[in-house]
Amino acid sequence: MEVQETIEGRPDEIYNLLKDMESYPKFMPSLNDVRVVEQGDGWTITAWDAVLNGQSFKWQERDEFMEDDYRIRYTQTEGDLKKFEGEWRLEQNGEQTVVRLTVDFDFGVPMLSGLLNPVAKLKLKQNSESMLKAVKQRFEGRGRT
């Protein structure tokens, strides 16, 4: 699944906001907490606590920062889902930046997947869209120079 949002601003500025994942709960209501557990050159391990459709989800992910082409790839290393991974990609378009967020997930429970995946995909898409809108509002509304 992929969602996108166009934001007024340069990709390097928006990328810096996206890299500051610990700030996400301040402007993304679906996140209770995000914290950096471990950090290296070009990567972090972050712990996430989120609510999706009233259900609490917790996981840790490895985030890889590819600053030269404004990408952040993430992969769950442990947590509530069998698979949770994706990527943030930023592309300059004139005075604007197109921000794309891809998400790939798997519950890991075959009997429930047929029932839950369509609902979960819709909720995850809605949540991803609201994350992008929150990034847009945070960035465009912060009075940058």
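Strand S2 (31-40) and strand S3 each give at least two residues to the lining of the second largest pocket. This pocket belongs to a predicted model. Its volume is about 170 Å³. The lining of the second largest pocket counts 13 residues, and Lys-19, Gln-39, Trp-43, Thr-44 and Phe-65 are the closest to the centre. By class, that lining splits into 4 nonpolar, 5 polar and 4 charged residues.

Now turn to the largest pocket. It holds about 520 Å³ of space. Its lining is made of 30 residues. Leu-52, Phe-57, Phe-84, Leu-124 and Asn-127 lie nearest the centre. The class count here is 22 nonpolar, 5 polar and 3 charged residues.

Which elements build this wall, each with at least two residues of the lining of the largest pocket? Five are strands: S3 (43-52), S4 (55-66), S5 (71-79), S6 (83-93) and S7 (96-106). Helix H3 (110-140) joins them. H3 also supplies the largest share, 8 residues. Strand S3 appears in both linings: it gives at least two residues to the largest pocket and at least two to the second largest.

Step back to the whole chain. The protein has 3 helices and 7 strands. Read from the N terminus, the order is β-α-α-β-β-β-β-β-β-α. The chain has 145 residues, and 43% of them count as buried. The exposed surface is about 8,200 Å², with 46% of it from carbon and sulfur atoms. Take the contacts between residues at least 6 apart in sequence: 44% of these join residues at least 24 apart.

The aromatic side chains come next. A pair of aromatic rings is described by two values, the distance of the centres and the angle of the planes. The protein has 7 aromatic pairs. One of them joins Tyr-24 and Phe-27. Their ring centres are 6.0 Å apart and their planes stand at 65°. Why is the pair edge-to-face? The angle of 65° is over 60 degrees, so it passes the cut-off for that class. Both partners sit in helix H2 (residues 24-27). They are 3 residues apart, which means a separation of about one helical turn. Tyr-24 counts as buried because its relative accessibility is 0%. Phe-27 has a relative accessible area of 13% and is buried too.

Trp-59 and Phe-84 form another pair. Here the ring centres are 5.1 Å apart and the planes again stand at 65°, so this pair is edge-to-face. Trp-59 lies in strand S4 and Phe-84 in strand S6, so the pair ties together parts that are 25 residues apart in sequence. Both residues are buried. Phe-84 has a second role in this picture: it is among the residues nearest the centre of the largest pocket.

Which residues make up the aromatic cluster? Tyr-24, Phe-27, Trp-48, Trp-59, Tyr-74, Phe-84 and Trp-88 form it. The two pairs just described therefore belong to one cluster: Tyr-24 and Phe-27 are members, and so are Trp-59 and Phe-84.

Finish at Phe-139. This residue is found in helix H3. Is Phe-139 buried or exposed? It counts as buried, because its relative accessibility is 0%. Phe-139 and Leu-17 are 122 residues apart in sequence. In space, their C-alpha atoms are 7.6 Å apart.

How values were computed: Residues are numbered from 1 along each chain as its sequence is written. This is a predicted model: local features need pLDDT of at least 70, side-chain atom pairs count only at pLDDT 80 or more; totals for chains, interfaces and linings use all residues. Side-chain values use heavy atoms; hydrogens and water are left out. On a 1 Å grid over the protein atoms alone, a cavity is a set of points where a 1.4 Å probe fits but cannot get out, and a pocket is an open set with protein on both sides within 12 Å along at least five of seven lines; lining residues have an atom within 4 Å of a point. Grid points are joined across faces, edges and corners, and a volume is the space filled by probe spheres set on the points. Helices (H or I, at least four residues) and strands (E, at least two) are DSSP runs, numbered from the N terminus. Ala, Val, Leu, Ile, Met, Phe, Trp, Tyr, Cys and Pro count as nonpolar, Asp, Glu, Lys and Arg as charged, and the others, Gly among them, as polar. Buried means under 20% relative accessible area, exposed over 50%, partly exposed in between (1.4 Å probe, protein chains only). Contact means heavy atoms within 4.5 Å. Accessible areas come from the Shrake-Rupley method with a 1.4 Å probe; for residues, only the protein chains shown count as cover. Rings of Phe, Tyr and Trp (its six-membered ring) pair if their centres lie within 6.5 Å; planes under 30 degrees apart count as stacked, over 60 as edge-to-face and the rest as tilted.
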